[in-house]
Amino acid sequence: MAIPMPTRQLFIDGEWREPILKKRIPIVNPSTEEVIGEIPAATTEDVEVAVNAARRAFSRNKGKDWAKASGALRAKYLRAIAAKVNERKTDLAKLEALDCGKPLDEALWDIDDVAGCFEFYADLAEGLDAKQKAPVSLPMESFKSYVLKQPLGVVGLITPWNYPLLMAVWKVAPALAAGCTAILKPSELASVTCLELADICREVGLPPGVLNVLTGFGSEAGGPLASHPGVDKIAFTGSFATGSKVMTAAAQLVKPVSMELGGKSPLIVFDDVDLDKAAEWALFGCFWTNGQICSATSRLLVHENIASEFIEKLVKWSKNIKISDPMEEGCRLGPVVSQGQYEKILKFISTAKSEGATILHGGSRPEHLEKGFFIVPTIITDVTTSMQIWREEVFGPVLCVKTFSSEDEAIELANDSHYGLGAAVISNDAERCNRVSEAFEAGIVWINCSQPCFTQAPWGGVKRSGFGRELGEWGLDNYLSVKQVTLYTSNDPWGWYKPPL
């Protein structure tokens, strides 16, 4: 059963606060198209209050309350948050399914990962204490040098709607572990669970101002956050177009940014594979999370020797995917997040058809669902490399298929993209898989699978898919400043200048 949408305000300085301009945004259930609640809409005025709160929290008691506290102390808070996430797992997952249309089984999996992410960065926070003053080897005996790792300061975290809580926590957990204070601005299309995270932080007694949550539109809250002189760094996940705007705003103050942007990831399937296993991975790699994945392997390259049989398998597997309300047992494909996104995806499909591609399966609303932003998983063939559907990110359940004849041709086709987030290869030839993995121009490579993601491994892209890495120890490094400290240890004078008489 669904649970009622909680009514929340902005979370600033450890308290719930009504937006200064009292603006609200309706929450639309993408399965029913009904308004089921509302979230507060922050504006520049609220950003100012939140940044001031984060700055106070960073410097309070000369930093001893948070920024300069031991990693072990910060770890206690992160573990307490993880425990509360686990306690609320079912409710959080249901809220997420209602808010963004994610199948409930996926949402439950995501909430497990949220708790795991806090636990992982709690461990790394503790480990920071032992890594301070790590010695640097120098070529002169009269000097010694060591390194301090210190929090960057106040960070702005701008996150997307496809993994509303999980991708927020990919930023929140390492930022807090590092000793930063943060302002989280989730997407206005799915913010509910991020506000629930704020409630959990309040419940565990996280010091006021350490984490502030501002919901609202990008232009009214995200933009002012990116350009605010009191914010020391911006971490952004979203589209290339919006990422470019965020970078431009941050550049005015030479503010560091890390960017996880869009993708148009390839999946190469060679002719030595089990067709059913490969077909399932191909569909999972594109249709998981209702096709709304930045790393979706939505460009499928199939060896010509198996193309006909493999594509037939894809259609059969696709017809077997349960499309339903996300709360229904066994749902494997829910609605896309909003009417705007729904219309954008259908336009992509229509354009592909007008350019000469074949809509082999799907491409429209399921016949059994009259309401909701549902799209039958779509398979498109007869594509050329110049078509929009092949080159641009759709962010929906749309898979386009092209054939190849040789390994070199497959690699060339795979790398012919402005993007470089993920890439995958399926083959029983281990040496070939290694060659292709090294040749891929991508930040993430999967062999004989697509889309697995682990908190311990780095995540991020190249080219227009962004820069910087999240997750693992690399995620913590995003929020740390490395300071060199060098001391002169000799009792002798330096002796460069002649002493005065």
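Two strands are said to pair if DSSP finds at least two bridges between them. With that in mind, this briefing on a predicted model looks at strand 18, which covers residues 422–426, and then turns to helix 5, a loop residue and a patch on the surface.

**Strand 18 and its partners**
- Strand 12, made of residues 266–269, runs parallel to strand 18 and is joined to it by 3 bridges, with Leu267 standing opposite Ala424 of strand 18.
- Strand 19, residues 444–447, also pairs with strand 18 in the parallel sense, over 4 bridges, and here Ala424 stands opposite Trp446.
- Because 5 of the 5 residues of strand 18 are buried, the strand is largely enclosed by the rest of the structure.
- In a regular strand the side chains alternate between the two faces of the sheet.
- Both faces of strand 18 are covered, since Gly422, Ala424 and Ile426 are buried on one side, and Ala423 and Val425 are buried on the other.

**Helix 5**
- The 13 residues of helix 5, 166–178, should span 18 Å at 1.5 Å a residue, and this agrees with its end C-alpha atoms, which are 18 Å apart.
- Helix 5 is largely enclosed by the rest of the structure, because 13 of its 13 residues are buried.
- Gly179 follows helix 5 and has a positive phi, near 100°.

**A buried loop residue and an exposed one**
- Gln292 lies in the loop between helix 9 and strand 13, and counts as buried because its relative accessible area is 2%, which is under 20%.
- Leaving aside neighbours within four places in sequence, Gln292 is in contact with several residues, including Trp161, Pro335 and Phe395.
- Tyr497, in the segment after strand 22, counts as exposed because its relative accessibility is 71%.
- Tyr497 helps to make a nonpolar surface patch of about 720 Å², together with Met140, Tyr488, Trp494 and Trp496.

Notes. Residues numbered from 1 in each chain as written. Predicted model: local features only at pLDDT ≥ 70, side-chain atom pairs only at ≥ 80, totals over all residues. Heavy atoms only, no water. Patch = residues over 30% accessible without salt bridge, like charges linked within 9 Å, V, L, I, M, F, W, Y side chains within 5 Å. Areas by Shrake-Rupley, 256 points an atom, 1.4 Å probe, with all protein chains shown as cover. Salt bridge = Lys/Arg side-chain N within 4 Å of Asp/Glu carboxyl O. Helix = DSSP H or I, 4+ residues; strand = E, 2+ residues; numbered from the N terminus. Buried < 20%, exposed > 50% of the residue type's maximum accessible area, 1.4 Å probe, protein only. Expected span 1.5 Å × (residues − 1). Contact = heavy atoms within 4.5 Å.
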